[in-house]
Amino acid sequence: MTITIVLGACVQQETPEQEADQTLQEDTDSEKQLEVIAEDLKEPWEIVKTGDTFYISERRGSIVKIQDGKKTRMPVQFSEDLSNQPEAGLLGIAFPENFNETSTGYAYYSYQENENYYQRVVKIQSQNDKWKETATLLDKIPGGQFHQGGRIEIGPDNKLYITTGDATNPELSQDLNSLAGKILRMNPDGTIPEDNPFENSYVYSYGHRNPQGLAWNEDNQLYATEHGSSAHDEINRIIKGRNYGWPAIRGDESAPQMKTPIIHSGNDTWAPSGMTYFNSNFYFASLAGEGLRQFDPEKESQTRIISDVGRVRDALATDKGIYFITNNTDGRGTPAENDDRLLFLLQQELN
């Protein structure tokens, strides 16, 4: 099924002469055709594609398999009960290149232990009509009422990269002894890489509030999206060992030894989540901003290219175009009939 979206694209580009809340805006009408790949997803969070098969994590504890037009919802058997805190549950998933041989991938999920909330990174394996947690790689990542982070990706160096939120305790982001408010890096077996920036530490970068998107360009440079406070959402170029400032600075503010973002949303909000890279541009999901946005790293500008689909949680590029999932059933959106959906935007529609 194909649907047509007509929208006004809003371009934001900050200049040195402008304050953060003063942005250049240019409205243009455009028409996009989207292909509906799957419908009736429930609180979807991350897309993985292997061959012609899609796997989509759902916060309630399932992974939806979409193959040859058939959708199969497979429950995940975890060692701990999923947390029901906002923004928690089964979040990121990532599959290595040998997934088709091993049926084993990685997942990030939230759980409760007594009165405390945590996240963990685990191995999961597909077994007949379900998934099962088979090994814990990293445990006791702080969780809270909000800000669980949750993205997990396999980098071009074959390491696992994991985003964690500040667990609504901002000072943890500056604490190098805490796993909260960080981008973490680990070997596939759960050990700490010898070339991590801090000795005997998973921490790759710190000073993050709630990062939820990771993607690399053709030069293997990592970029990340991050939810700001009272707007001031960010896109950062990630350099190992660097401090990205939360909660000491935000927006255009600066401080010694702290990195400011490449761009930020000022007093507007994108609520950015998953991100992908395609043909010299990054594309990132926008929740409160409701749509799919294009970030041009050369011009240091962003454009909303898709709207009228509601909240968007993740995006995935292939050589044919961009797949993305809506996220209107997470309790913060207004679900339309058959929400949530996996949608596809052809490469030629990106121009």
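This text walks through one strand and several backbone features of a predicted model.

The starting point is strand β7, which covers residues 90-94. Five of its five residues are buried, so β7 is largely enclosed by the rest of the structure. Its partner is strand β8, residues 104-113, and three bridges join the two strands. They run antiparallel. Within this pairing, I93 has A107 of β8 as its bridge partner.

The backbone comes next. Most residues other than glycine have a negative phi, and most peptide bonds are trans. The places described below depart from one or the other of these patterns.

Two peptide bonds are cis. One leads from W246 to P247, with omega near 0 degrees. P247 belongs to the loop between β17 (234-237) and β18 (263-264). Another cis bond joins D339 and D340, where omega is about 0 degrees. D340 is placed in the loop between β24 (321-326) and β25 (342-346).

Positive phi values appear in T168 and E300. For T168, a residue other than glycine, phi is near 55 degrees. This residue lies in the loop that runs between β12 (160-163) and β13 (182-186). T168 has 38% relative accessibility, and because partly exposed residues fall between the 20% and 50% limits, T168 counts as partly exposed.

For E300, also a residue other than glycine, phi is near 55 degrees. The loop that holds E300 sits between β21 (291-296) and β22 (301-306). With a relative accessible area of 36%, E300 is partly exposed.

Note on methods: Residues are numbered from 1 along each chain as its sequence is written. This is a predicted model: local features need pLDDT of at least 70, side-chain atom pairs count only at pLDDT 80 or more; totals for chains, interfaces and linings use all residues. Side-chain values use heavy atoms; hydrogens and water are left out. Buried means under 20% relative accessible area, exposed over 50%, partly exposed in between (1.4 Å probe, protein chains only). Helices (H or I, at least four residues) and strands (E, at least two) are DSSP runs, numbered from the N terminus. Two strands pair if DSSP finds at least two bridges between them.
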